[in-house]
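Me: I have a structure to read and some terms I would like explained. Please set each value against its definition.

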Amino acid sequence: MPFQPEPPYRHGSAPAGPIATDVAVLLCNLGTPDAPTAPALRRYLGQFLADPRVVEIPRLVWMAILHGIILRVRPAKSAAKYATVWTPEGSPLKVWTEKQAKLLQGQLGERGLRVRVAAAMRYGQPAIGTVLDALKRDGVKRVLVLPAYPQYSGATTASVIDDVARWALKTRHLPELRFINRYHDDAAYINALAATVREHWQRDGRAEKLVMSFHGMPERTLHLGDPYHCECLKTGRLLAEALGLKPGEWKVTFQSRFGKAKWLEPYTEPSLIDLAQKGCKSVDVICPGFAADCLETLEEINQEAREAFLHAGGQRFSYIPCLNDHPSGMRALAALAERHLQGWPTTPPSPDALALQQERARAAGASA
Ligand SMILES: C=CC1=C(C)c2cc3[nH]c(cc4nc(cc5[nH]c(cc1n2)c(C)c5CCC(=O)O)C(CCC(=O)O)=C4C)c(C)c3C=C
Ligand SMILES: [Fe+2]
Ligand SMILES: [Fe+2]
């Protein structure tokens, strides 16, 4: 199999890029369309929904449905939804992920770790392979892959790992690779979520119920051994414990059902309607499984679900934003990355070690 061309090999050359280090963290999120338009959505959904990790039905049947029906109908509808959340800087998911990468590099620097942090997207741009190529060109030799999904699922975390593996298959000189599979029960992540809820209560008052809405998955993935459902429930329980909530004061639900199959239940919007119809007047809604606000939180929850709850008789719907660039969320990501970076050379070399390294590089250059 042909491998892609390597950058020229140099003995002991210092890494390039914004900070001289050969260690990088690759913060990977789902990805988003380039524009809130039907053609951009067709490209994005075409790539996303063709991933066998995302839709697990026989290829030929699914490709006929995807290209024959879904990619003819859904792009325009989805584009209209994206248009309602689009910002002057672009899609919220991309804007937040890029900001998180910058802040994470700063946070790690403050902890004394010399590490590059780059953002990449599983679908759309910047693609994981493109970012890995750029890091390699800058002399990066070790990459910690941090999928921005607290709960592991085959459709998300494993799909990021697949994409890194696909890049590795065509790369001759591989960096050392590490992967963070999950952080659903990480104490700093739970505390960061709890901090955003408490801040929200202080600012806007507290509702009768805290609804924790996670992205759904087909129910059959649970029976096939995907740990996602279990990890969402654990995050929910730990968050409720951290907030000192009593049973009945909180509820875990699943949103964003796609297609006709049964997905994980209870579904978010019907649950909110049910709560309102049973006399619950106010809800706080948080989406702990999303590292950053995106279409699914800003439009589906803060617009559609809000309207459904109020229409069913609810009086106050408060949306609690995702961790985004919240300082405690960023500290949680930095602590998580720091633990997984252990053993890699992330501290600046001492002047003596640097002199020795330069001497060796000179000698190697002379004998090469
Ligand atoms: C946070 C975890 C996510 C899981 C699990 C997940 C599973 C999953 N998603 C779809 C289908 C769609 N998801 C869409 C958007 C979307 N999904 C996630 C996260 C998870 N998905 C995010 C962060 C986003 C938002 C992206 C953005 O640009 O803001 C969409 C696209 C939008 C639309 O047309 O509705 C689809 C489609 C499936 C089928 C699935 C599990 C099998
Ligand atoms: Fe999704
Ligand atoms: Fe959705």
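The questions below take up confidence, a helix pair, a recorded site and some backbone details.

Me: What kind of model is this, and what confidence does the predictor give the protein chain and the complex?

Reply: The model is predicted. The mean pLDDT of the protein chain is 94 on a scale from 0 to 100, and 95% of the residues reach 70 or more. For the complex, the predictor gives an ipTM of 0.97 and a pTM of 0.94.

Me: Why is helix 1 called oblique to helix 2?

Reply: Helix 1 (residues 38–48) packs against helix 2 (residues 59–83) at an angle of about 120 degrees, and their axes are 8 Å apart. Roughly perpendicular covers 65 to 115 degrees, and roughly antiparallel needs over 145. An angle of about 120 degrees fits neither range, so helix 1 is oblique to helix 2. The crossing of the two helices is right-handed.

Me: Which residues make the contact between helix 1 and helix 2?

Reply: Helix 1 contributes A38, L41, R42, L45 and G46. From helix 2 come L71, R74, P75, A76, S78 and A79. A residue pair counts as a contact if the C-beta atoms lie within 7 Å.

Me: How do the residues of this contact divide into nonpolar, polar and charged?

Reply: Seven are nonpolar, two are polar and two are charged. Arg counts as charged, so R42 and R74 are the charged ones. Gly counts as polar, so G46 belongs with S78 in the polar group.

Me: Where does UniProt place the feature "binding site"?

Reply: The record, an unreviewed entry, places this feature at H215 and E296. H215 is in strand 5 (residues 209–215).

Me: What makes H215 and E296 a cluster in space?

Reply: They are spread over 82 residues of sequence, yet the largest C-alpha distance is 8.0 Å.

Me: Which peptide bonds are cis, and where do their prolines lie?

Reply: The bond from Q125 to P126 is cis, with omega near -5 degrees. P126 lies in the loop between strand 2 (116–121) and helix 4 (128–137). The bond from E265 to P266 is also cis, with omega near 0 degrees. P266 is in the loop between strand 6 (250–255) and helix 9 (268–277).

Me: What is notable about phi of S256?

Reply: Phi of S256 is near 60 degrees, a positive value in a residue other than glycine. Most residues other than glycine have a negative phi. S256 is found in the loop between strand 6 and helix 9.

Notes. Residues numbered from 1 in each chain as written. Chains lettered and ligands numbered in written order. Predicted model: local features only at pLDDT ≥ 70, side-chain atom pairs only at ≥ 80, totals over all residues. Axes fitted to C-alpha atoms, helices over the stretch in contact; angles between N-to-C directions. Helix = DSSP H or I, 4+ residues; strand = E, 2+ residues; numbered from the N terminus. Parallel < 35°, antiparallel > 145°, perpendicular 65-115°, else oblique. Left-handed = near helix turned anticlockwise from the far one by under 90°. Contact = placed C-beta atoms within 7 Å. UniProt positions renumbered as here; feature names shortened; annotations may be inferred.
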